[in-house]
Amino acid sequence: MATFQPTHPTGSCTFENAAGDPYEEFTCLYPLLGSTYTSFETSYNVVPVRDWMRDHSSVPVLACLLYGLFVVYGPRYFADKAAWNWRRGMICWNLALSVFSGIGFFRSVAPLLHNMYHLNVRQNLCNDPASSYASGSTGLW
């Protein structure tokens with residue numbers, strides 16, 4: 001993997017996450033955009049989530065197996081049952097998912113453009129994610 005190189009000339013926006021990985025906080029690089037971020041976003045610590053996912057690799061495998069079972073046996077189970085009226089629930093779910101996706105897009109596109117402008121293709125593809133986009137405010141989204 002490539003070594004971390006800050007894009008800010010003075011390196012004043014360089015911080016370390018809980019694992020000791022250096023990263024540049026996007027909200028520090030662009031203070032005007034930074035004023036729209038919450039303190040929860042700017043101080044987000046990805047390390048506990050990353051470590052939990054690494055230590056529990058069986059969870060996605062189990063989720064995929066359950067999904068497959070529901071796809072195969074769900075229609076058989078519900079074939080003779082009355083249909084549920086989930087119209088309002090599905091409307092709320094789709095609205096919440098759309099809002100979340102929109103926020104995630106707007107929070108992710110600016111750091112993506114910053115990385116594409118300041119880093120070459122190799123750095124964008126090969127740098128440690130903890131140093132390039134997975135820590136701080138960008139790591140939350």
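These legends go with a set of close-up views of a predicted model.

**View 1. The largest pocket and the residues around it.** Here we're looking at a pocket with a volume of about 190 Å³. Its lining is made up of Ser-108, Val-109, Pro-111, Leu-112, Asn-115, Asn-124, Ser-132, Tyr-133, Thr-138 and Trp-141. Helix 6, which covers residues 87-118, chips in the most, giving five residues to the lining of this pocket. In terms of chemistry, the lining has five nonpolar residues and five polar ones, with no charged residue in the mix.

**View 2. The largest cavity, lined by 20 residues.** What volume does the largest cavity have? It comes to about 230 Å³. A search for cavities of 30 Å³ or more turns up one in this structure. Strand 2 (22-24), helix 1 (26-29), helix 6 and helix 8 (129-132) are the elements that each hand two or more residues to the lining of the largest cavity. If you want to find the middle, look for Glu-24, Asn-115, Ser-131, Ser-132 and Tyr-133, the lining residues that lie nearest the cavity centre. The cavity lining splits into eight nonpolar, eleven polar and one charged.

**View 3. Ser-132, a residue of helix 8.** Ser-132 turns up in both of the views above: it lines the largest pocket, and it is also among the residues nearest the centre of the largest cavity. Is Ser-132 buried or exposed? Its relative accessibility is 18%, and the cut-off for buried is under 20%, so Ser-132 counts as buried. Setting aside neighbours within four places in sequence, Ser-132 is in contact with Asn-115 and Asn-127. Asn-115 is another residue of the pocket lining. Tyr-23 is 109 residues away from Ser-132 along the chain, yet their C-alpha atoms are separated by 6.3 Å.

**View 4. A cluster of aromatic rings: Tyr-77, Phe-78, Trp-84 and Trp-86.** Ring pairs tie these four residues together. The whole structure has eight aromatic pairs. One of them is Phe-78 with Trp-84, an edge-to-face pair with 5.4 Å centre to centre and 80° between the planes. How exposed are the two partners? Phe-78 counts as partly exposed, at 39% relative accessibility, while Trp-84 comes in at 57% and counts as exposed. There's a charge here too: the charged end of Lys-81 sits over the ring of Tyr-77, 4.4 Å from the ring centre.

**View 5. Arg-107 over the ring of Tyr-37.** Arg-107 belongs to helix 6. Its charged end sits over the Tyr-37 ring, 3.8 Å from the centre. With a relative accessible area of 16%, Arg-107 is buried, because buried means under 20%. Which residues does Arg-107 touch, leaving aside its neighbours within four places in sequence? The contacts are Thr-36, Tyr-37, Glu-41 and Trp-141. You've met Trp-141 already, as part of the lining of the largest pocket.

**View 6. Met-116, another helix 6 residue.** Met-116 is exposed, with a relative accessible area of 52%; the label applies because the cut-off for exposed is over 50%. How far apart are Met-116 and Pro-48 in space? From C-alpha to C-alpha the gap is 28 Å, and 68 residues separate Met-116 from Pro-48 in sequence. Compare Arg-107, which is also found in helix 6 but is buried.

Notes: Residues are numbered from 1 along each chain as its sequence is written. This is a predicted model: local features need pLDDT of at least 70, side-chain atom pairs count only at pLDDT 80 or more; totals for chains, interfaces and linings use all residues. Side-chain values use heavy atoms; hydrogens and water are left out. On a 1 Å grid over the protein atoms alone, a cavity is a set of points where a 1.4 Å probe fits but cannot get out, and a pocket is an open set with protein on both sides within 12 Å along at least five of seven lines; lining residues have an atom within 4 Å of a point. Grid points are joined across faces, edges and corners, and a volume is the space filled by probe spheres set on the points. Helices (H or I, at least four residues) and strands (E, at least two) are DSSP runs, numbered from the N terminus. Ala, Val, Leu, Ile, Met, Phe, Trp, Tyr, Cys and Pro count as nonpolar, Asp, Glu, Lys and Arg as charged, and the others, Gly among them, as polar. Rings of Phe, Tyr and Trp (its six-membered ring) pair if their centres lie within 6.5 Å; planes under 30 degrees apart count as stacked, over 60 as edge-to-face and the rest as tilted. Buried means under 20% relative accessible area, exposed over 50%, partly exposed in between (1.4 Å probe, protein chains only). A charge sits over a ring if NZ of Lys or CZ of Arg is within 6 Å of the ring centre and within 35 degrees of the ring normal. Contact means heavy atoms within 4.5 Å.
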